[in-house]
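I sat down with this one to jot notes as I clicked through. Here is the structure, followed by what I looked up.

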Amino acid sequence: MEANEAVKSGTSILLVDDDAAARDTLGSLLPIRFPGVAVFSAGDGTEGLASFQEHRQDIVITDLSMARLDGSRMAAEILKICPTATVIAITAHTSGPSLSDAREAGIAHILKKPLNLKELLGLLEAIVGRC
Amino acid sequence: MFFSNGHPSIRSKLASLVLVCVVPFWFIAALISFNVYLYQVEQASREMLVAARQMSQTVDRELVSVISALSALGTSPSVARGDFEEVRHQALDLLRLYPDADIIVADASGQQLLNSFRPLGTPLPKRNNPEQVRQVFATAKPVVSNLFQGAVTKRLLISIDVPILRDGRVVYDLSMTFPAARLSALLARQKLPESWYASIIDRNQVVIARTIGADRFVGRRTSLRFTQTAFGASEGNVRMKNIEGIDSVSAFNRVAASDWLIAVGVPRATLMADIYRWVAWVALAAVLISLTAGALAWGIGRRIAQDLQSLVQPALAIGRGESLTLGSAGYLQETFEVAQALTQASELLQRREAERDRAETELSQALVNLQKETAERIRAIEDLREQEQVMIKQSRQAALGEMIGNIAHQWRQPLNSLGLIVQGLPLYHEAGLITRDLMDQCVHDAMAHINHMSQTIEDFRNFFKPEKDMVDFDVNQAIRQALSLVEGNFSSQAVEVSLDLTPGRTVRGYPNEFAQVLLILLLNARDEMIRRQVVPGRVTIRTFADGGHCGITVSDNAGGISGDIIDRIFEPYFSTKGVQGTGIGLYMAKNIIEKNMNGRLTVRNSGPGAEFTIEV
């Protein structure tokens with residue numbers, strides 16, 4: 001929701017997670033590694049979608065299972081709006097219907113919980129580099 | 001014999017009956033006897049009176065014949081001539097008819113002029129009864145004397161004097177004197193019945209003649225009572241003591257010629273002897289008849305008693321359940337009927353006994369069957385119990401699996417956050433941002449997650465803690481506790497749980513079991529929402545006061561339960577979840593609420609879904 005002051009790089013990230021603690025921690029870590037990246041956060045899919053419609057973030061990192069509008073559906077809506085956006089899903093499930101839903105929705109990357117920060121940062125570096 | 005065991009016997013009753021019948025006859029016999037006695041006395045009195053009359057006439061005739069003879073002698077020519085020699089001859093002729101009698105001629109002074117007992121010329125004394133001579137001269141009529149003693153012979157005599165008239169004037173007294181014994185002989189000739197007696201009594205109440213004891217009683221005066229009764233009357237009956245001093249019954253009659261009394265009597269004892277004999281006969285006959293009747297009654301009674309008693313053994317035999325054939329038993333119609341009834345009763349008893357035996361056999365067979373069936377049922381129940389144990393195990397395993405899944409879910413987020421905090425440290429270090437404050441912040445955040453995870457474990461551990469005793473617990477707290485176990489899972493499944501709790505609802509029971517029920521209902525609702533893809537899923541838990549009880553409803557929006565299975569959902573092993581369902585959850589839930597907590601668990605469709613209601 002709240003954009004960081006470092007928007008000069010032009011890259012922006014949207015964090016969508018109903019777990020506020022994890023969201024805040026990640027939200028405070030990302031600017032350390034990517035000082036120029038603007039980080040937005042949202043508590044569920046609906047909020048996330050609203051934020052995306054407003055800010056058109058480049059990267060969306062989302063939890064999959066959320067009460068209002070889960071990650072896969074939100075991703076589907078986002079990709080409908082902006083097919084170039086990159087959606088990274090973080091999920092506790094390593095298999096199952098939510099995973100296949102996510103793939104169908106066009107989510108490019110699926111990371112599992114507990115989140116390997118290195119892996120996420122590596123992935124982000126690669127994407128941010130492309131941006 | 002009359003009484004045995006305090007009960008009167010038939011014999012005694014019949015004897016009493018006879019006695020009752022005989023007593024009136026005795027009374028009547030006594031009455032008849034008394035009448036007979038009266039009749040006999042009257043009869044005897046009448047007969048005696050007749051006899052007295054006859055005797056009276058006989059004596060009268062005798063006296064009249066003497067008077068006639070004397071009168072004839074007195075009118076003979078020789079008397080008129082004064083030829084006493086001739087008169088003596090004629091008198092002696094006459095005296096041939098009257099032996100022991102004397103004929104005397106006396107003058108008015110009573111001087112005997114002629115005495116047939118003495119030859120003529122013999123000096124003769126005066127008459128011994130001058131009063132009678134004087135009466136003859138005075139009345140010129142014949143006079144019969146009373147008893148007197150002869151002047152010469154000193155015998156007891158009677159004299160009959162007739163006047164000898166010349167020219168209408170009495171010139172001599174012609175008398176015949178004869179012993180009173182002649183009259184006794186006359187009486188004796190009258191042939192009175194045996195034991196009767198007769199007597200002649202003169203005008204001085206002196207006995208002149210008597211058929212019995214003449215030598216003792218002639219010349220004695222009769223009893224005063226006889227005198228009082230008889231004199232003054234011409235005839236009659238009298239009861240008195242006679243001259244012998246014997247109580248007797250008499251009849252009397254007055255002799256016309258002499259004014260004497262003829263008495264005919266019989267000792268009362270003699271008279272009564274007949275009556276007594278008659279009465280004795282009657283009494284004897286009555287006694288004999290009574291005895292015979294009594295004996296007959298006794299015999300008949302014995303026969304009846306025997307007849308009745310002959311039924312005692314058969315009756316006892318019936319009691320012993322023996323077969324009975326009385327056939328022709330029973331001498332009397334009644335006992336015959338009773339015997340027949342006994343026979344019928346015996347047959348009936350035999351038949352019923354047979355029926356009872358058959359029924360008993362059937363019953364014992366049924367009992368055997370019942371035992372077999374019971375054993376089968378017990379085995380079935382044991383099987384069921386075993387199955388139930390298996391189910392409980394399965395249910396527990398399912399719950400365990402579910403809980404482990406929940407724990408995993410509950411832990412994933414804090415673990416994730418914890419991971420991020422830990423992994424963030426190198427980032428901070430590289431950026432040279434590590435400060436004391438940052439470290440404290442990181443430790444604080446990490447510990448918050450660790451504590452949360454620890455609490456989660458504690459919650460689950462509590463939930464699985466076995467409960468031994470019922471306790472009073474807050475329903476709302478139990479609901480929150482149950483919810484805490486699944487809320488992570490529910491939120492990740494996008495199922496909202498809203499609470500509408502009325503505070504202060506305390507119930508008695510096992511809180512974890514109660515929480516388990518809520519979990520079963522919540523997880524069922526969640527599963528159904530997932531199955532039907534209800535988004536967003538919504539579960540409402542509401543508590544409310546329900547009289548003295550507490551009501552809890554768990555309602556969802558998962559579309560409800562179809563009518564054809566709603567009645568079966570509490571059955572064990574009934575499941576709509578396919579291979580994933582055990583069919584145990586709701587069965588367990590109902591058991592916990594209704595058996596362990598004496599409550600009710602019901603279900604209905606309400607609005608958008610199902611509504612389970614717990615009343616505890």
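**Notebook: chain B first, then the contact**

I began with how far apart in sequence the contacting residues sit. In chain B, taking contacts between residues at least 6 apart in sequence, 60% join residues at least 24 apart. I note up front that this is a predicted model.

Next I pulled the overall make-up of chain B. I get 14 helices and 20 strands. The chain has 616 residues, and 30% of them count as buried.

**Cores**

Which residues touch the most other members of the largest nonpolar core? I found Ala52(B), Ile200(B), Ile208(B), Ile262(B) and Val264(B), in a core of 64 residues. Helix H1 (residues 10–74) of chain B gives the most to this core, with 11 residues.

I then picked Ile262(B) and listed its contacts, leaving aside neighbours within four places in sequence. From the H1 stretch I wrote down Ala52(B), Met55(B), Ser56(B) and Val59(B) among them. The list also holds Ala198(B), Ile200(B), Phe252(B), Asn253(B) and Val255(B).

Apart from this core lies another one, of 44 residues. Its members include Ile520(B), Leu522(B), Val539(B) and Cys550(B).

**Helix pairs**

I looked at H1(B) against H5(B). Their axes come within 11 Å and cross at roughly 135°. Angles over 145 degrees would count as roughly antiparallel, so at roughly 135° I log H1(B) as oblique to H5(B). The crossing of the two is right-handed. On the H1(B) side I have Met55(B), Thr58(B), Val59(B) and Glu62(B), and on the H5(B) side Leu183(B), Leu186(B) and Leu187(B). By class that is five nonpolar, one polar and one charged. Met55(B) and Val59(B) were already in my notes as contacts of Ile262(B).

The other pair I checked was helix H12 (residues 475–492) and helix H13 (residues 511–532) of chain B. Here the axes come within 8 Å and cross at roughly 35°. This crossing is right-handed too. H12(B) puts in Ala478(B), Ile479(B), Gln481(B), Ala482(B), Leu485(B), Val486(B) and Phe490(B). From H13(B) I noted Pro511(B), Phe514(B), Ala515(B), Leu518(B), Leu519(B), Leu522(B), Leu523(B) and Arg526(B). The classes come out at 13 nonpolar, one polar and one charged. Leu522(B) is one I had met already, in the core of 44 residues.

**Backbone oddities**

Asp100(B) caught my eye with a positive phi of about 65°, although it is not a glycine. I placed Asp100(B) in the loop between helix H3 (84–95) and strand S3 (102–106) of chain B. Is Asp100(B) exposed, partly exposed or buried? I count 13 other C-beta atoms within 10 Å, so Asp100(B) is partly exposed.

Lys191(B) is another non-glycine with positive phi, near 55°. I found Lys191(B) in the loop between helix H5 (180–188) and strand S9 (197–201) of chain B. Lys191(B) counts as exposed because it has 8 C-beta neighbours inside 10 Å.

Over in chain A, a cis peptide bond joins Lys113(A) and Pro114(A), with omega about -10°. Pro114(A) is in the loop between strand S5 (109–112) and helix H5 (117–130) of chain A.

**Where A meets B**

Last, the contact between the chains. It takes 19 residues from chain A and 20 residues from chain B. Helix H1 (residues 20–33) of chain A gives the most to the chain A side, with seven residues. I sorted that side by class and got 11 nonpolar, two polar and six charged residues.

Terms used
Residues are numbered from 1 along each chain as its sequence is written. Chains are lettered from A and ligands numbered from 1 in the order in which they are written. This is a predicted model: local features need pLDDT of at least 70, side-chain atom pairs count only at pLDDT 80 or more; totals for chains, interfaces and linings use all residues. Two residues are in contact if their C-beta atoms, placed from the backbone, lie within 7 Å. Helices (H or I, at least four residues) and strands (E, at least two) are DSSP runs, numbered from the N terminus. Ala, Val, Leu, Ile, Met, Phe, Trp, Tyr, Cys and Pro count as nonpolar, Asp, Glu, Lys and Arg as charged, and the others, Gly among them, as polar. A residue is buried if 20 or more other C-beta atoms lie within 10 Å of its own, exposed if 12 or fewer, and partly exposed in between; C-beta atoms are placed from the backbone. A nonpolar core is a set of buried Ala, Val, Leu, Ile, Met, Phe, Trp, Tyr and Cys residues joined through C-beta atoms within 7 Å. Axes are lines fitted to C-alpha atoms, for helices over the stretch in contact, and angles run from 0 to 180 degrees between N-to-C directions. Angles under 35 degrees count as roughly parallel, over 145 as roughly antiparallel, 65 to 115 as roughly perpendicular and the rest as oblique. A crossing is left-handed if the near helix is turned anticlockwise from the far one by less than a right angle, and right-handed if clockwise.
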